[in-house]
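Reader: I am new to protein structures and would like to understand the labels people put on them. Could we look at one together?

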Amino acid sequence: MAKGRDLFFASRAYRFIEAQHVLILLFAICFLVSTPMNLMSPAMSIIATDLGFEEEDRDVYIGSYFNICYSVISLPPAMVVGVLSDHHNRVSILTALTVTGGCSMIGFGIFSNYPLLLVLRVLQGTAYGAAIPVSYSLMGDLYTPSERAQISALLTASLGGGTLMAQLFAGYFNPYIGWRMPFVLCGVLCLQAGFLFWKTVQEPQRGALDVGT
């Protein structure tokens, strides 16, 4: 019995099942960490009013500064994390990024202090920007070179799907549940995905599938 079990864990069937399991979790993580990009888009006027800004200040303080924090200021820390993933455990790094993204989304839906919201926006952008190269790196060690183009396309689709569905979700449900609750819900789901990833995924061997290519 023990010998048969060892043979299964060494078989191609087990490696295929393991790769699909990790891929589904990577899809979920990429989908969820990309949701903050458009969660606030349908509710900028409401957010500005809730935070006490006049209409003439909305575009600068809500549109520009939040997006600069998300897309620009978050780039340097995201690049640092991407470099670290070349030398450290990527499962732990991606778990930390997922927790960062989830907690920052929940915080964004709870707090009203504007400077704090700017910091949380930076953390959301960092989680999104750094999760992409780490996810692609993990994917590269789970699939052969001939399979990677297809899987890369699917991962990219999950990122686009997160931004699209976030805007649809927020735009439809904001009138019923407010602009904050979509951030909280997506943050909770992100934390759950990170917990499952941390508990069920092991760091793959780097370059193991590149041998002989």
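Author: Gladly! This is a predicted model, and a good place to start is its surface, where Val60, Tyr61, Tyr65, Ile68, Val72 and Ile73 make a nonpolar patch of about 490 Å².

Reader: Isoleucine 73 is in that patch; why is isoleucine 73 called partly exposed?

Author: Isoleucine 73, found in helix α5 (residues 58-73), has a relative accessibility of 44%. Buried would need a value under 20% and exposed a value over 50%, so 44% makes isoleucine 73 partly exposed.

Reader: And what makes threonine 35 count as buried?

Author: The relative accessibility of threonine 35 is 1%. The limit for buried is under 20%, so threonine 35 counts as buried. Threonine 35 lies in the loop between α2 (12-33) and α3 (36-39). Leaving aside neighbours within four places in sequence, threonine 35 is in contact with Met105, Gly162, Ala166 and Cys186.

Reader: Let us turn to charges. What makes arginine 180 and aspartate 50 a salt bridge?

Author: The closest N and O atoms of arginine 180 and aspartate 50 are 3.0 Å apart. The cut-off is a distance within 4 Å, so this pair is a salt bridge. Arginine 180 lies in helix α10 (residues 180-200) and aspartate 50 in helix α4 (residues 44-50), so the salt bridge ties together parts that are 130 residues apart in sequence.

Reader: Are those two partners buried or partly exposed?

Author: One of each! Arginine 180, at 18%, is buried, while aspartate 50, at 39%, is partly exposed.

Reader: How many salt bridges does the structure hold?

Author: The structure holds 4 salt bridges. Among them is the one between aspartate 141 and arginine 90, at 2.6 Å from N to O. Aspartate 141 lies in the loop between α8 (114-140) and α9 (145-177) and arginine 90 in helix α7, so this pair ties together parts that are 51 residues apart in sequence. Glutamate 203 also meets arginine 90 in a salt bridge, at 2.7 Å from N to O. That pair links helix α7 with the segment after α10, 113 residues apart.

Reader: What makes Arg90, Asp141 and Glu203 one network?

Author: Their salt bridges share partners, and this joins Arg90, Asp141 and Glu203 into one network. Arginine 90 is buried, with a relative accessible area of 0%. Aspartate 141 counts as buried at 12%, and glutamate 203 is partly exposed at 27%.

Reader: Now the rings. Why is the pair of tyrosine 172 and phenylalanine 173 called edge-to-face?

Author: The planes of tyrosine 172 and phenylalanine 173 stand at 85°, with 4.9 Å from centre to centre. Ring centres must lie within 6.5 Å to pair, and planes over 60 degrees apart count as edge-to-face, so both tests are passed.

Reader: Then why is the pair of tyrosine 172 and tyrosine 176 tilted?

Author: Here the centres are 6.0 Å apart and the planes are at 45°. Stacked would need under 30 degrees and edge-to-face over 60, so the pair is tilted. Tyrosine 172 and tyrosine 176 both lie in helix α9, 4 residues apart, about one turn of the helix.

Reader: Finally, where is the confidence lowest?

Author: In helix α1 (residues 2-9), with a mean pLDDT of 46, whereas helix α7 (residues 90-110) has the highest, at 96. Over residues 1-10 the pLDDT is below 50. The protein averages 87.

Methods:
Residues are numbered from 1 along each chain as its sequence is written. This is a predicted model: local features need pLDDT of at least 70, side-chain atom pairs count only at pLDDT 80 or more; totals for chains, interfaces and linings use all residues. Side-chain values use heavy atoms; hydrogens and water are left out. Helices (H or I, at least four residues) and strands (E, at least two) are DSSP runs, numbered from the N terminus. Buried means under 20% relative accessible area, exposed over 50%, partly exposed in between (1.4 Å probe, protein chains only). Contact means heavy atoms within 4.5 Å. pLDDT is the predictor's confidence in each residue, from 0 to 100. Patches are made of residues with over 30% relative accessible area and no salt bridge: like charges are joined within 9 Å, nonpolar side chains (Val, Leu, Ile, Met, Phe, Trp, Tyr) within 5 Å. Accessible areas come from the Shrake-Rupley method with a 1.4 Å probe; for residues, only the protein chains shown count as cover. A salt bridge is a side-chain nitrogen of Lys or Arg within 4 Å of a carboxyl oxygen of Asp or Glu.
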